[in-house]
Structure formats: structure tokens, C-alpha cells
Amino acid sequence: MAFDNMEEVEEFYKAYAHNVGFSVRIGQKRTVDNVVVWRRFLCGKSGFRRNNEEEPKKELNGEKKGDEKKRTHARKITRCGCEAMITVKRMKDGKYAVSYFHEEHTHEFVTPRKQHLIKSNRQVSDKAKDTLFTCHAASIGTAGAFRLLRVGEGGFEFVGCTKRDLQNYHRDMRSTFKDSDAQMFIDNLRKRQEINPGFFFEYVLDDKNWLTHVFWADACCRKNYALFGEMVSFDSTYSTNQYSMIFCPFTGINHHMASVFYGAALIVNETIESYKWVFQTFLKAMDGAAPRLIVTDEDQSMKIAIEDVMHNTVHRLCMWHIMRKLPEKVGPPLREDEHFYSTINSCVWGSENPTEFEAKWSSMISEFGLEDNTWFSRRYELHESWIPAYFRGVFLGEILRTTSRSESANSFFNHFIGYKHALVEFWIRIGTALEEQRQNELKAGHECLNSMPPLITSWEIEKHASLFFTHAFFSSFQKETYMKLKQVPGTGKQLGIRRIKATLRPPGLSRGGSASREVAVEEFLVAEVAVEEVVAAEVAVEEVAVARAISFVEVAVARLETREHRALPGRGLVEAAGPGRADDAVEDGRPALAIAGDAAQQWGILR
């Protein structure tokens with residue numbers, strides 16, 4: 001047989017081997033003036049494994065003797081000295097002819113059902129490469145990409161390669177641009193800046209021209225910071241790339257109570273100078289606007305860098321990082337004591353002011369014998385940096401009740417990035433994560449625009465809040481409203497919430513007159529009036545009940561009109577609308593019921 005070139009020879013012999021049932025290995029060759037004039041194509045089982053006496057001896061399980069690093073498994077023997085082959089040589093006309101053919105094999109052939117596993121016929125096709133890239137951009141691993149190929153092609157035998165082949169291709173692909181990975185990463189950032197001048201990035205190289213620091217924030221990040229950047233949560237995360245560079249995202253909270261990305265940095269170490277560079281670059285990206293509050297873990301380098309760079313920013317330690325260490329800092333008896341956890345949670349979360357915290361902390365330390373516990377002593381020394389009672393006047397963006405916003409953000413990013421990724425892959429996956437985060441924000445905004453949350457009262461204040469706030473914030477507002485109003489602070493009495501029939505009539509009109517009309521009133525009893533008293537009387541209770549309901553809503557609406565609605569509903573509102581307001585049963589000689597009717601029409605609480 002004759003062939004036009006060596007590629008045709010290889011293709012033909014591999015196809016022949018596939019049909020027969022054996023693998024092909026490329027053998028020796030001879031070249032003249034860079035032209036191949038002679039070559040062999042061997043059976044995959046030709047020859048024997050070379051026994052290198054200089055290599056350390058291995059045990060049967062693959063472990064090396066001595067202090068050498070052990071292998072995970074012993075390499076299996078695949079060669080048996082088979083002599084099957086063909087030899088081709090170049091003719092005068094430039095074509096290649098078969099000069100020798102040895103047909104007999106010394107081993108069994110592969111059955112037709114296993115022919116797709118023959119090594120020499122397996123290759124990663126262009127379709128498989130495209131699928132692998134698409135899946136990695138969507139944070140789907142190589143194994144997931146192979147499963148997708150198998151389903152799409154209709155079976156393993158039609159994929160053209162094995163999962164291991166695809167994994168090896170991914171490994172080899174990363175090794176090809178390993179030396180230029182950082183350059184490709186920076187070039188990508190520079191290209192983004194050329195496309196959109198709002199994209200900001202800076203980087204630092206060391207004396208060996210290695211990348212040590214890089215920070216980036218796109219236009220959307222900078223816009224989000226301008227809108228929501230009063231509070232920033234900052235954390236350092238390991239294991240996000242194969243170079244062990246530390247990922248440092250800046251995170252906040254948007255108007256949908258969701259995490260929002262302000263920018264991020266990659267640094268090689270956690271020194272004070274590294275963090276100072278990160279914070280200085282962050283402020284440069286945000287036009288010098290420092291946050292009012294920044295929340296971090298207990299890293300001392302971060303603390304010093306923040307003090308040096310953000311002079312007017314309040315620094316608070318993350319509750320989640322502190323409280324998660326609690327079980328390992330106490331002995332086994334307390335570790336399983338529910339009363340201990342209840343007590344410390346009440347001390348940390350339930351203290352309304354510093355004085356109350358001090359009293360509860362001292363009582364807790366004494367009750368559980370923690371006087372000699374150095375961890376608790378150190379936490380007390382830092383109490384002004386993490387106890388909520390010391391931050392009542394500082395905007396915290398709901399972070400008090402959501403453990404760690406940074407931890408939540410890191411958990412989100414961990415779905416997309418992993419410790420083995422090159423910087424280029426890391427960048428692609430971060431982009432995918434941000435697209436999903438921003439899509440969720442668009443979805444939440446769409447729902448706010450095209451739907452309304454259900455109301456639980458007939459108050460105008462609640463109705464206004466449902467129009468004014470996003471769904472996420474209104475849900476929190478509504479829940480707090482309902483829970484606060486169920487129990488009057490300081491009295492321990494339950495608020496009665498029921499419907500009564502009240503006949504409202506102008507003053508001087510006889511009962512049952514034509515101008516009378518019956519309306520249903522939501523009755524909110526406050527202060528010392530208990531539910532039992534509502535059932536007892538008729539007209540008198542109706543007068544008091546309606547007067548108190550009107551009184552309560554008057555205060556609410558008045559505060560709303562003066563822009564003090566952020567404080568509603570709370571202890572001050574209940575106290576203001578409660579005790580003493582119903583004592584004025586008669587004003588200016590007019591019955592309270594009539595006054596209630598006028599107020600009801602004015603404020604629109606009757607229906």
C-alpha cells in the first residue's frame with residue numbers, strides 16, 4: 001500500500017487496529033533534512049517495561065522504601081513483547097509505502113463492545129473541548145462535563161474519549177499557559193478597562209516580575225458601593241486558586257437584603273503592608289469615599305491596616321468568626337449544655353445597652369466558672385468591638401442578625417471557584433458568579449415592580465411601607481411589627497386583636513338613626529386593658545376600644561408624616577399610643593365614640 005503522507009499512514013493503521021481490536025504505539029523513525037524517510041507503527045503491547053535499577057524499589061502496594069514519597073498505586077504492566085507492526089519508507093515520488101508487515105499478535109484482541117476504550121483511538125474532540133470550556137465557565141467540573149457529553153452523544157462509546165482523557169486534557173491545557181497565566185489574567189483586566197473606562201484595576205509586581213497584588217472593581221461594583229457602601233464586610237479566603245493567592249472580597253448589602261459585591265483583591269500574604277495596599281487601592285477605586293463601618297475577623301494585620309488607612313471608619317469584629325469558636329473554647333460539660341448557650345446568647349444578643357451587657361457577662365462568667373478562661377477574658381477585652389449593645393447608634397445593614405455577610409458571600413463564591421484553578425479560570429468563574437448575583441437582584445427588582453406583598457393589618461402605615469420598601473425589607477419590617485405588637489413591653493399582657501361591631505353616629509343623634517352605619521374596626525388594646533375586659537361590656541367597651549385604636553393610629557400616622565417612620569413600630573410608639581390615651585373618654589363634652597368616628601374617617605382605619 002502507498003500513502004501520500006505519514007498522517008495517512010497513522011490514520012489507516014489505527015483504523016485497522018481498531019477493527020481488529022488492539023492499540024497502536026508510534027515507534028522509531030529516521031529523518032533526513034527534517035523529512036521523515038522511515039517509520040514504524042507498533043502494537044501497543046510491543047516490548048517490555050524498562051527496569052531502571054536506579055529507581056527506588058517499591059513495595060507491592062506501590063509505596064517507595066525509605067523516606068521517598070509514596071505512590072498512590074502501582075503502575076500496571078501493559079506490555080507483553082508483541083511483535084506486530086508495520087514499517088513504511090519514503091519513495092522517490094515522495095509517497096510512503098509499506099515495506100514490512102508483521103500480522104501475528106501474542107495476546108487476545110479487544111471485543112467489539114470494548115473497542116471504544118482502545119487507547120490509540122481515543123481523542124478529545126473539538127466538541128468535547130468546547131463542552132469542557134462551557135461547563136467550567138458554568139462552574140461544572142470535568143466529571144460533569146463528561147456526563148453531559150455522554151448524554152448528548154447517546155452513550156460512552158460515542159464520546160470518543162474517557163473521563164480520564166478529558167481530565168488529562170484539562171491538566172495539560174493548564175500546564176501550557178502556566179508560565180503566562182498571570183500575564184493573561186492582567187491582559188484580560190486591561191482589555192475590560194479598554195472596553196469600559198468604569199472598570200478599575202491595579203496590580204503590583206515584585207523584583208522578580210511576579211504578580212503579588214491585584215485589585216479590581218467593575219463599574220457595577222462602584223455604582224453599588226455609591227448606593228449601599230455605608231457598611232462593608234471584608235474577609236480573606238484561601239484555596240481559590242492553584243497559586244495559593246489569598247482572595248479578599250469586599251461585600252455589602254443591597255436594598256433587597258442580599259449580598260452585593262464591591263470589588264476584590266488577590267494578595268500573596270497577609271502582612272500589614274499587603275492589607276494597607278488593598279484598602280488604599282479600594283478607596284482609590286471608590287473615589288476616596290470610606291465606609292462608615294467595616295466588619296472583619298480578628299486578624300491583627302487587618303486591624304492595624306484599617307486604623308492607618310480608614311481613620312474615620314468604625315471597625316467591628318465579625319460575630320460569626322467569634323461565636324463559631326465557642327464550642328472549642330469551653331470544656332466538654334459546657335459544650336453540651338443548652339442552658340449555657342441560651343445564657344451567652346442572651347448576654348450577647350439580648351443586651352440593650354452596655355450596662356446590661358456588663359451585668360449579664362459578669363453573671364455568666366461567675367455562674368459557669370469561666371474566670372480563668374483566657375479566651376473569654378480576651379473576648380471581654382475586645383467587647384466594644386463586637387458586642388451589638390455598643391453599636392446601637394451605628395448603621396449595621398442588618399448584619400447583626402445575619403451572622404457573617406462575608407461568610408455568606410464566600411460560601412456563594414465557593415460554589416464557583418476551587419483551589420486548583422489557574423488565574424484565568426478563576427477570573428472566568430468569578431465573572432459567572434457575579435452574573436448570577438446580579439441576575440438575582442434583577443429578579444428581585446422585577447418582583448417588587450410587578451407584585452404586592454399581602455398585608456396583615458388595615459393600617460395606613462403598613463400599606464405605605466408595602467409601597468415604599470422592597471419585598472425583602474418589608475417582610476422584615478412586617479415580621480418585626482407583628483412580633484413587637486403581640487406583647488406590650490414592660491407589662492407582660494397580651495394585646496387583644498379581634499373584630500368588633502361599632503355603631504358610629506354624629507353627636508346628638510339617637511341610637512339607630514338613619515345616619516348611623518355599622519363598620520368593622522380592628523381593635524388593638526394596649527397597656528393595662530386585657531382581652532377579658534373586651535368581652536364583658538357593650539357600649540362602654542366599644543367606646544374605649546375604638547378610642548384607643550384611633551389613638552394608636554394617630555400617633556403612627558403623625559410619625560409617618562414627620563418622616564419618623566423608620567422608628568416604627570417600636571417600644572416608644574406602643575407606650576405613646578397606650579397608657580393614658582384612653583382615659584380621655586370624653587373631650588369637649590363629646591362622647592369618645594363620636595370622637596372615634598370622626599378620627600376614623602380622617603385616618604381611614606375603618607372599613
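# A walk through the predicted model

This is a predicted model. Its chain has a mean pLDDT of 74, and 69% of the residues reach 70 or more. Confidence is not even along the chain. Over residues 488–607 the pLDDT is below 50. Beyond near neighbours in sequence, that stretch still has 170 contacts in the model. Residues 57–67 also stay under 50 in pLDDT. For them the model has 16 contacts beyond four places in sequence.

Now the overall make-up. The chain has 607 residues, and 43% of them count as buried. Its secondary structure comes to 22 helices and 16 strands. Take the contacts between residues at least 6 apart in sequence: 59% of these join residues at least 24 apart.

Start with the sheet that includes β1. This open sheet has 5 strands, in the order β1-β5-β4-β3-β2. The pairing is antiparallel. Its edge strands are β1 (2–3) and β2 (24–32), and each pairs on one side only.

Walk across this sheet from the β1 edge. β1 runs antiparallel to β5 (residues 96–102), and 2 bridges join them. Here Phe3 stands opposite Tyr96 of β5. Further along the order, β3 and β4 pair in the antiparallel sense over 5 bridges. Leu42 has Met85 in β4 as its bridge partner. At the other edge, β2 and β3 are antiparallel too, with 7 bridges. Lys29 is matched with Arg39 in β3. These two strands form a hairpin with 2 residues between them. In that hairpin Asp33 takes a positive phi near 55°.

A helix covers this sheet. Helix α1 (residues 6–20) lies across β1, β2, β3 (35–43), β4 (85–90) and β5. Its direction is at about 10° to β3.

Move on to another sheet. This one is open as well, with 7 strands in the order β6-β7-β10-β9-β8-β11-β12. Its pairing is mixed. β6 and β12 (314–317) stand at the edges, each with a single partner strand, so one side of each is left without a neighbour in the sheet. Neighbouring strands in this sheet are turned by 20° against each other on average, direction ignored.

Begin at the β6 edge. Strand β6 (residues 200–205) pairs with β7 in the antiparallel sense over 6 bridges. Phe200 has Ala217 in β7 as its bridge partner. The two strands make a hairpin with 5 residues between them. In its turn, Asn209 has a positive phi of about 70°.

How enclosed is β7? In this strand (residues 211–217), 7 of the 7 residues are buried, so β7 is largely enclosed by the rest of the structure. β7 also runs antiparallel to β10 (residues 259–267), joined by 4 bridges. His213 stands opposite Ile267 in β10.

β10 has another partner in β9. The two run antiparallel, with 8 bridges joining them. Gly252 stands opposite Val260 of β10. The loop between β9 (246–253) and β10 holds Met257. Phi of Met257 is near 60°, a positive value in a residue other than glycine.

Helices lie across this sheet too. α7 lies across β6, β7, β8 (231–234), β9, β10 and β11, and it runs at about 155° to β6. After α7 (272–285) comes a loop that leads to β11 (293–296), and Asp287 is found there. Phi of Asp287 is positive, near 60°, and this residue is not glycine. At 69% relative accessibility, Asp287 counts as exposed.

α16 lies across β7, β9 and β10. It runs at about 170° to β10.

One last meeting involves α16 and another helix. Two packed helices are described by the angle between their axes and the distance between the axes. The axes of α2 (residues 126–137) and α16 (residues 423–450) come within 8 Å and cross at roughly 60°. α2 and α16 are therefore oblique to each other. On the α2 side, the contact is made by Phe133, His136 and Ala137. On the α16 side it is made by Glu425, Ile428, Arg429 and Thr432. The residues of this contact divide into 3 nonpolar, 2 polar and 2 charged.

Key. Residues numbered from 1 in each chain as written. Predicted model: local features only at pLDDT ≥ 70, side-chain atom pairs only at ≥ 80, totals over all residues. Heavy atoms only, no water. Axes fitted to C-alpha atoms, helices over the stretch in contact; angles between N-to-C directions. Parallel < 35°, antiparallel > 145°, perpendicular 65-115°, else oblique. Contact = heavy atoms within 4.5 Å. Nonpolar A, V, L, I, M, F, W, Y, C, P; charged D, E, K, R; others polar. pLDDT = per-residue confidence, 0-100. Buried < 20%, exposed > 50% of the residue type's maximum accessible area, 1.4 Å probe, protein only. Pairing = 2+ DSSP bridges.
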